Amino acid sequence: MKVSYKWLGEYVDTDLTPNQLDDLLTFSGLEIEGVEKVESIKGGLEHVVIAQVLTCQPHPNSDHLHITTVDVGGDRPLDIVCGAPNVAAGQKVVCAQIGTKIYTSDTEFYEIKKGKLRGAVSEGMLCAADELQLGSDHAGIMVLPDDAPVGMPAKDYFHLEEDYTLEVAITANRSDATSHIGVARDIVAVLNTRQGAHKKINWPNVADLSQAADTCANPIRVTVEEPTLCPRYTGITLENVHVADSPEWLQNKLRTVGIRPINNVVDVTNFVLMEVGQPMHAFDADQITGNHVVVRTLPQDTPFVTLDGVERKLDRRDLMICNEQEGMCIAGVFGGQKSGVTNSTTRVFLESAYFNPTSIRKTSKRHGLKTDASFRYERGCDPNITVWALQRAVLLLQELAGATVASKVVDIYPQPIPRAEVDIDFQRITRAVGQEIPVDAIRTALTSLDIEILSETPSGMHLAIPTCKVDVYRECDVLEEIMRIYGYNNIAIDSHVNSCLSFSPKPNPLKLQNIVSDYLTNNGFSEIMNNSLTKAEYFENNPDFDASRNVHILNPLSKELNVMRQTLLYCGLECVVRNLNYKIHDQKLYEFGRTYAMALNADQITDEHKVTDKYVETPHLSIFMTGGNNPEGWHAPVVPVDFYHLKAHVMNILRRMRVNITRLDFVPAQEHYFAEGLDLVFRDSHKLLCSFGRLSKETLKRMDCKQEVFYADINWELILKGYPTKEVLYAEIPKFPEVRRDLALIIDKKVQFADIERVAYSTEKKLLKCVNLFDVYEGKGITEGMKSYAVSFILQDKEKTLTDKQIEAVMAKLQKNLETQLGAHIRS
């Protein structure tokens, strides 16, 4: 928000410079993002002076130029070549000296330099009115009265105004500072508290409407049908309004703060908005059908043409200011095209209302309309200043537009909003701040901020908070107000340092995540972080997800971000596709993220999947691989990523996380988004730990992905819960040798290597160290429906060398269990 330095000076008497105000406000909770000098004429007429033409002779080499000598009040006259037809000796003129910048637009200019025109030296320029933005005349140079003082800077002669704007960063909790008076209140409070000043806000005059009566034939009636959306509505009818351009002082004020002047009526409403922070709207009273204003909502998708000429479809929740037939204005957001003030308007209905902040914010966001009014309404205006703002606007319209009051003040306020009352305790404030703040300083800070002290005791105060401070309603809020006014810089820094021992649970989730991240990164993966919001379309008619379990966003920014994600799959694929569009074909990506769904009550898990009002957040690790497994190079061909590359990384992660692989069942993936894949399920609890595989063509086509992608999803929550609490103990490398034995097994095609591992490890727990599959054969010599597995077994005893008898006994036991449990037999 832009604030004018000179305008601020009308409400608080101070000799602080703009830069000093910058520091004062920034260190009292109102951050100033920048200070900019503003001039009513671009360039400020720098180096331009009042001059007198001493001599004027025709140029010998031109039929229209003149060579003049000009007195600019300096050490000597200047030689200037001038092409104006009206130049003559003895004239008082405006002279642009060397170094003057003549602006042709807001950003473009040319600089006056010493030069020669057809052989004659020229040391400046005699200016026309339009060249200096002092008028529109370009017929000749400006000729001033004879009493114009030679040598006077033109900016002083023309009373050129300059100002400074302070760009204030208004946070959501500072609705009280969205005006010049609001900012001035903070200045007064800081100066009174820190410097012992006794300043007060210079409140401007307002019209006395206590005796206003209905003098017009048909006064405007008001009905509020939605009091929860419009707790207070104030208005008045004015007649004999003469719509015209605003005076220069008003236009300059509005331009300084970035508002384009329109006419005196609209400009007055904008002036009051910037002065006191109360948005107002002026209606052409003759366009209010039935002389009746109705504050209500309209049916869904009702068309409404706003002031910018755009037809918008209204939402049934949008609050509207209507007449008896149609809408006239989107309340608190944007006016309508038909009911606005025009040059032919003579009767005005002036509105000053308080609207529900939440309603205004949602309406503004739905229609993508951000206005000065909605900016203030959605932060919370002061409901108890509407009448004062109306009185202020009426006085200005009486002075600037000749308006006369034609009705009583309409003030519909069925349930007045009371001031919040807060108790503060001095001891609690001291504990929170770290040092004692003098009670006098607390009292000064609060009263300067218009916070009333209802009662005071030696231990604390009972306060009434003004309704302009909508975010102050607790003791901690009052403490924040005291602290920012007293000054955080005034709190001494204690040299005493306190420390505490930190305790992190074991296993440390962050540490485990970093271990896996380091592993993946070291193997060529890049970490991605996607938005937890996605579109509901992904989960509709999707056999892998229940759309009824979507966690919907109440007020989504767009249809693309209207639900929380149930899986990391689709966000990750969006990232893959985006990279493919940038011609990045080889990708290895991983993401640690959470999934969100409505929780299923254990008693309600039925085919209908009824949901409760609770939510479930589950941490997951997703892995994506596509393109080549290794970078292109001369020494080795590029190997395309396949299922086994992905499986190797998944198994390495599980081993690194100390997952007991023998407790897992490897079953074909049940997810429809896989063309082929595996699910790793805990045998005892039947919980899915991990699924990985090649994504189906249908899934890839849905995401417009034209390249094969392999995907893994690991339930990180189960990893953390199952991580052993015992530390890993390192042992000496065994001194005794390993022994390898191989078996060629004929087994049913349905039997997996994981089944062989499970049987082997359960058979021999002490001596068996490793089981490995090194060959698979199907074809000639093998019965149909069967396959041949060549499996190696590594045996080792840590305490002694194994004997042939021990080895044969173990292998016999393994062979027997494989035959009885899996139907395997030795290939001959």
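These numbered points go through the cores, sheets, pockets and one helix contact of a predicted model.

1. **The largest nonpolar core.** This core holds 82 residues. Those with the most contacts inside it are Ile 187, Val 272, Leu 350, Ile 424, Ile 442, Leu 446 and Val 478. Helix α9, residues 386-401, supplies the largest share of this core, with 9 residues. There is also a second, separate core. That one has 36 residues, among them Val 516, Leu 520, Phe 525 and Leu 646.

2. **Leu 446 in detail.** Leu 446 is one of the residues with the most contacts inside the largest core. Leaving aside residues up to four places away in sequence, Leu 446 touches Ile 424, Ile 451, Met 461, Leu 463, Val 478 and Ile 482. Two of these names, Ile 424 and Val 478, are also on the list of residues with the most contacts in the core.

3. **Strand β28 and its partners.** Look next at β28, residues 460-465. In this strand 5 of the 6 residues are buried, so β28 is largely enclosed by the rest of the structure. Strand β26, residues 420-425, pairs with β28 in the antiparallel sense over 6 bridges. Within that pairing, Asp 425 has Gly 460 of β28 as its bridge partner. Strand β27, residues 452-457, also pairs with β28 in the antiparallel sense, here over 5 bridges. Ile 453 stands opposite Leu 463 of β28. β27 and β28 form a hairpin, with 2 residues between them.

4. **The seven-stranded sheet.** An open sheet of 7 strands runs in the order β29-β32-β33-β37-β36-β35-β34. Its pairing is mixed. The edge strands are β29 (526-527) and β34, and each pairs on one side only. Inside the sheet, β32 and β33 run antiparallel and are joined by 12 bridges. Arg 594 has Pro 619 of β33 as its bridge partner.

5. **The largest pocket.** This pocket encloses about 1,600 Å³ of space. It is lined by 38 residues. Lying nearest its centre are Met 651, Arg 655, Ile 661, Phe 753 and Glu 757. At least two lining residues come from each of α15 (643-656), β34, β35 (674-682), α18, β39 and β40. Helix α15 gives the most, with 7 residues. By class, the lining has 19 nonpolar, 6 polar and 13 charged residues.

6. **The second largest pocket.** Here the space comes to about 990 Å³. The lining has 29 residues, and nearest the centre are Arg 549, Gln 566, His 620, Leu 688 and Asn 715. Strands β32 (587-598), β33 (615-626), β36 (688-695) and β37 (709-715), together with helix α17 (716-722), each supply at least two lining residues. β36 gives the most, with 4 residues. The lining divides into 12 nonpolar, 9 polar and 8 charged residues. The strands β32, β33, β36 and β37 that help line this pocket are also members of the seven-stranded sheet.

7. **The cavity.** The count comes to 1 cavity of 30 Å³ or more. Its space is about 80 Å³. Asn 173, Arg 174, Asp 176, Lys 469, Val 470, Asp 471, Val 472, Asp 477, Glu 480 and Glu 481 line the largest cavity. By class that lining has 2 nonpolar, 1 polar and 7 charged residues.

8. **Helix α18 and what covers it.** Helix α18 covers residues 753-763. Buried within α18 are Phe 753, Ala 754, Ile 756, Glu 757, Val 759, Ala 760 and Thr 763. What covers these buried residues includes β34 (664-668), β38 (739-748), β39 (768-777), β40 (786-795) and α19. Phe 753 and Glu 757, both on the buried list, are also among the residues nearest the centre of the largest pocket.

9. **Asn 817 in helix α19.** Asn 817 is found in α19, residues 804-822. Is Asn 817 buried or exposed? Asn 817 counts as buried because its relative accessibility is 19%, and the cut-off for buried is under 20%. Setting aside residues up to four places away in sequence, Asn 817 touches Val 759, Thr 763 and Leu 822. Asn 817 and Thr 763 are 54 residues apart in sequence, yet their C-alpha atoms are 7.4 Å apart in space. Val 759 and Thr 763 are both buried residues of α18.

Technical notes:
Residues are numbered from 1 along each chain as its sequence is written. This is a predicted model: local features need pLDDT of at least 70, side-chain atom pairs count only at pLDDT 80 or more; totals for chains, interfaces and linings use all residues. Side-chain values use heavy atoms; hydrogens and water are left out. Buried means under 20% relative accessible area, exposed over 50%, partly exposed in between (1.4 Å probe, protein chains only). Contact means heavy atoms within 4.5 Å. A nonpolar core is a set of buried Ala, Val, Leu, Ile, Met, Phe, Trp, Tyr and Cys residues joined through side-chain atoms within 4.5 Å. On a 1 Å grid over the protein atoms alone, a cavity is a set of points where a 1.4 Å probe fits but cannot get out, and a pocket is an open set with protein on both sides within 12 Å along at least five of seven lines; lining residues have an atom within 4 Å of a point. Grid points are joined across faces, edges and corners, and a volume is the space filled by probe spheres set on the points. Ala, Val, Leu, Ile, Met, Phe, Trp, Tyr, Cys and Pro count as nonpolar, Asp, Glu, Lys and Arg as charged, and the others, Gly among them, as polar. Two strands pair if DSSP finds at least two bridges between them.
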